[in-house]
2 protein chains.
Amino acid sequence: MSVPGHTPPAVPATPGKERDKSVSIRDVAKAAGVSHQTVSRVINDHPNVKTETRQRVEDAIRTLGFRRNAAAFALASGVTKAVTVLTSSTILYGYAATLQGLEEAARTAGYIPGIRVLTPEDDLDRTVQKVAESSHGILVIAFDRLGMAALERIPSNVPCAAAVEAPPPGQTPDRPGVWIDDRAAAQTATEHLLGLGHPTVHYVAIPASTGSRRSATPRAEGWLRALRAVGVTPPAPVGDGWDASAGYTAGRELARDPGVTAIMCGNDDLALGVLRALHEAGRSVPDDVSLVGFDDSPLSRFVTPALTTVRMDFPGLGRATFALLRSQLDPQYQPPDPAVVGTDLIVRESTGSHHV
Amino acid sequence: MSVPGHTPPAVPATPGKERDKSVSIRDVAKAAGVSHQTVSRVINDHPNVKTETRQRVEDAIRTLGFRRNAAAFALASGVTKAVTVLTSSTILYGYAATLQGLEEAARTAGYIPGIRVLTPEDDLDRTVQKVAESSHGILVIAFDRLGMAALERIPSNVPCAAAVEAPPPGQTPDRPGVWIDDRAAAQTATEHLLGLGHPTVHYVAIPASTGSRRSATPRAEGWLRALRAVGVTPPAPVGDGWDASAGYTAGRELARDPGVTAIMCGNDDLALGVLRALHEAGRSVPDDVSLVGFDDSPLSRFVTPALTTVRMDFPGLGRATFALLRSQLDPQYQPPDPAVVGTDLIVRESTGSHHV
DNA sequence: CTGAAAGCGCTTACAG
DNA sequence: CTGAAAGCGCTTACAG
């Protein structure tokens, strides 16, 4: 434990009166010898201002350190570029990568996204209500129950868009949402394992975003479907968490059963925890057990054995989600064809043929 | 590649007029048969409102779907709870964990942080100018050059606080900043390796946040200091990046030199890349080479061998940084004692005694 | 306990 | 090319 440090802020020259510190459009006008109207024209890049006048105003702006009041601008002009993203995590890879795509798309479009992390302690109704007040639209990363619960509470007159899990086939969520078809991807990943000769595939689950059963997530459903297609009775899913620690616990459980030769995990973090547990139990991957992750997090190709996983385009999902919100905020905006968010099975070193 | 999907938003009933859609305090007043003033009292929880009146207003609010206009509130009341965090990454662990602490502290204090990711293409002056307009204060995660450059461009009259690398001993940055003493931590980590009998320690560098030399970061300096203290001439640092891929490249370089027996990395992602490269080169960790990471990212204890690393309290750093900003925004606020952000050397499996 | 007035700092028509 | 007026939707004193 070492000593941290900090530099305190400079003490303001005149403590006390703070409100009047900020210089307004009228202060600039006075300094430049014009009307505040003209100042407004200058800061909004209106064409009809004499070059010399513009110059004088710009000088005044600089010397006075004028910054336009965003609240006044928003109120007077009616344009608000504030949106808020609701998420239960900023750390987990899928969430962080989706957030990245959301932010990038928002920034490019001139919006600036606020971030509000959802916690189990939140009064979701109040939270959503407050967020709806302070922003023009709401983006929600709804991969989990908390996100879905928040999404459901958004009043129908509030523009919103969500990144969600794939809905059941044939159904569409009643809120504007975008998803990646991870159900199909999970099925493909399971088929990969079955194709390698494994008699069955075990599943380490991520928590459900709706309902309460671990087998009710699209990833679990894809896994179930693949097993049933070949007449295999699915074993009970294990695990119930998002991180490596949850995977480790699940992995210890699975390692006790010598019949386990193939495991699919709801994400890569879980897979790394499982990998560790198998290693400790003396079971080799992929010689004794084949392991598949999900998400293709940045580290998965560098661990040993490199993880076979499903690549998910989370930044693309984030961008598509923002586009969906933007189409509601800006009637002029034509959202691009959304068919860009795909998945890919990346076969690396953690899966191999079943040896009898 | 599977087919993604999305639910389009409901088409608004009356396309065309949008502006007049929102219901104002006066609409509520009319519906409830009171003055807009009274509505203001109700939504601000002022005590002096008759229960029956309050009820009527609340009903009107509900049936009309009233949401208070945040811009008008901010303008009239003078209170703005918008702050913006500037960061060059939302994915890298140190950044994401600091952001988490920032957000948590901000949310708890009733602020809602906007997020603006900095890119090399940004015109930093314009970016900072715009951010300064739309938010009451700026928080910057300035672990790298981009962050530091943005920090330097913040006008001195704009409240700000930054999470920065430890400044040179005895110096303090000229902007309000908070840091973790990673210089000392790096020294401790290097000493750990030297104490294990390794004749020297190699360093895989993270990019510098100021200046241009890789040996000019606090972590590199701590490493240098430890080596010099025992009379060892430091080898040239290798690597110049943040992620596992950069570590992998550096690791391949180091693996070619049979004299390398101990490596310290600027972060855990780099260390995992190095680990992979050493593995591919047939060099065992820790038998042939000892490896130390930095940051204690969530996965480092689950990889094999589990990574010896330096735990950094990034969420604590984020919270302390927000406290520093808040002390400028809210004169009433007494920031807590900042001496809570520490480091800890976590010895796991990736380091061992030097065998001759 | 409740209402009428003034104003927050800007922009949007409207004049000239 | 530039200015005077009105108003965005709220809040803050000030009256009663």
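The domain bounds used on this tour come from an automatic or database domain assignment. The model in your viewer is a predicted one, so keep that in mind at every stop.

**Stop 1: the domains of chain A**

Start by colouring chain A in three parts: residues 22-66 are domain 1, residues 82-180 together with 315-341 are domain 2, and residues 182-313 are domain 3. How far apart are the C-alpha centres of domain 1 and domain 3 of chain A? The separation between those two centres is 63 Å.

**Stop 2: around the DNA**

Next, show DNA strand C and the protein around it. You will find 25 residues surrounding this strand, and the closest are I25(A), S40(A), A72(A), A76(A) and T53(B). Now select helix 2 (36-43) and helix 4 (70-77) in both chain A and chain B: these are the elements that give two or more residues to the surface near DNA strand C. Which helix provides the largest share of that surface? Helix 4 of chain A does, with five residues.

Move over to DNA strand D. Here, too, 25 residues surround the strand, the closest being T53(A), I25(B), S40(B), A72(B) and A76(B). Helix 2 and helix 4 of chain A, along with helix 2 and helix 4 of chain B, each supply at least two residues of the surface near DNA strand D. For this strand, the largest share is the five residues from helix 4 of chain B.

**Stop 3: the open sheet of chain A**

Hide the DNA for a moment and select strands 7, 8 and 9 of chain A. They make an open sheet of three strands in the order 7-8-9, with parallel pairing. Strand 7 (202-204) and strand 9 (290-292) of chain A each have a single partner strand, so one side of each has no neighbour in the sheet. On average, neighbouring strands of this sheet are turned by 20° against each other, direction ignored.

Zoom in on strand 8 (residues 262-265) of chain A, which pairs with strand 9 of chain A over three bridges in the parallel sense. To see one residue pair, label M264(A) and its bridge partner in strand 9 of chain A, V292(A). Then add helix 8 (residues 182-195) of chain A, which lies across strand 8 and strand 9 of chain A and runs at about 170° to strand 8 of chain A.

**Stop 4: the nonpolar core**

Staying with chain A, click on I263(A). Which residues does I263(A) touch, leaving out those up to four places away in sequence? They are H202(A), V204(A), L254(A), V274(A), V289(A) and L291(A). I263(A) also belongs to the largest nonpolar core, which has 187 residues; V140(A), I263(A), V274(A), V140(B), I263(B) and V274(B) touch the most other members. A second, separate core holds ten residues, including I25(B), V28(B), V42(B) and I61(B). In soluble globular proteins, nonpolar side chains tend to be buried together.

**Stop 5: A255(A)**

Select helix 10 (residues 244-255) of chain A and find A255(A) in it. Is A255(A) buried or exposed? It counts as buried because it has 20 C-beta neighbours inside 10 Å, and 20 or more is the cut-off for that label. Leaving aside neighbours within four places in sequence, A255(A) is in contact with A277(A), L278(A), A281(A) and R283(A). For a distance to try in your viewer, pick the C-alpha atoms of A255(A) and S350(A): they are 95 residues apart along the chain and separated by 16 Å.

**Stop 6: the open sheet of chain B**

Switch to chain B and select strands 7, 8 and 9, an open sheet in the order 7-8-9 with parallel pairing. Its edge strands are strand 7 (202-204) and strand 9 (290-292) of chain B. Strand 8 (residues 262-265) of chain B is joined to strand 9 of chain B by three bridges, and A262(B) has S290(B) as its bridge partner. Now show helix 11 (residues 268-280) of chain B, which packs on the sheet and touches strand 7, strand 8 and strand 9 of chain B. The direction of helix 11 makes about 145° with that of strand 8 of chain B.

**Stop 7: S350(B)**

Finish in the segment after strand 11 (343-346) of chain B, where you will find S350(B). S350(B) is buried, with 24 other C-beta atoms within 10 Å. Among the residues it touches beyond four places in sequence are V285(B), P286(B), S290(B) and L291(B).

Terms used: Residues are numbered from 1 along each chain as its sequence is written. Chains are lettered from A and ligands numbered from 1 in the order in which they are written. This is a predicted model: local features need pLDDT of at least 70, side-chain atom pairs count only at pLDDT 80 or more; totals for chains, interfaces and linings use all residues. A nonpolar core is a set of buried Ala, Val, Leu, Ile, Met, Phe, Trp, Tyr and Cys residues joined through C-beta atoms within 7 Å. A residue is buried if 20 or more other C-beta atoms lie within 10 Å of its own, exposed if 12 or fewer, and partly exposed in between; C-beta atoms are placed from the backbone. Two residues are in contact if their C-beta atoms, placed from the backbone, lie within 7 Å. Two strands pair if DSSP finds at least two bridges between them. Helices (H or I, at least four residues) and strands (E, at least two) are DSSP runs, numbered from the N terminus. Axes are lines fitted to C-alpha atoms, for helices over the stretch in contact, and angles run from 0 to 180 degrees between N-to-C directions. A residue is near a molecule or strand if its C-beta atom, placed from the backbone, lies within 6 Å of it.
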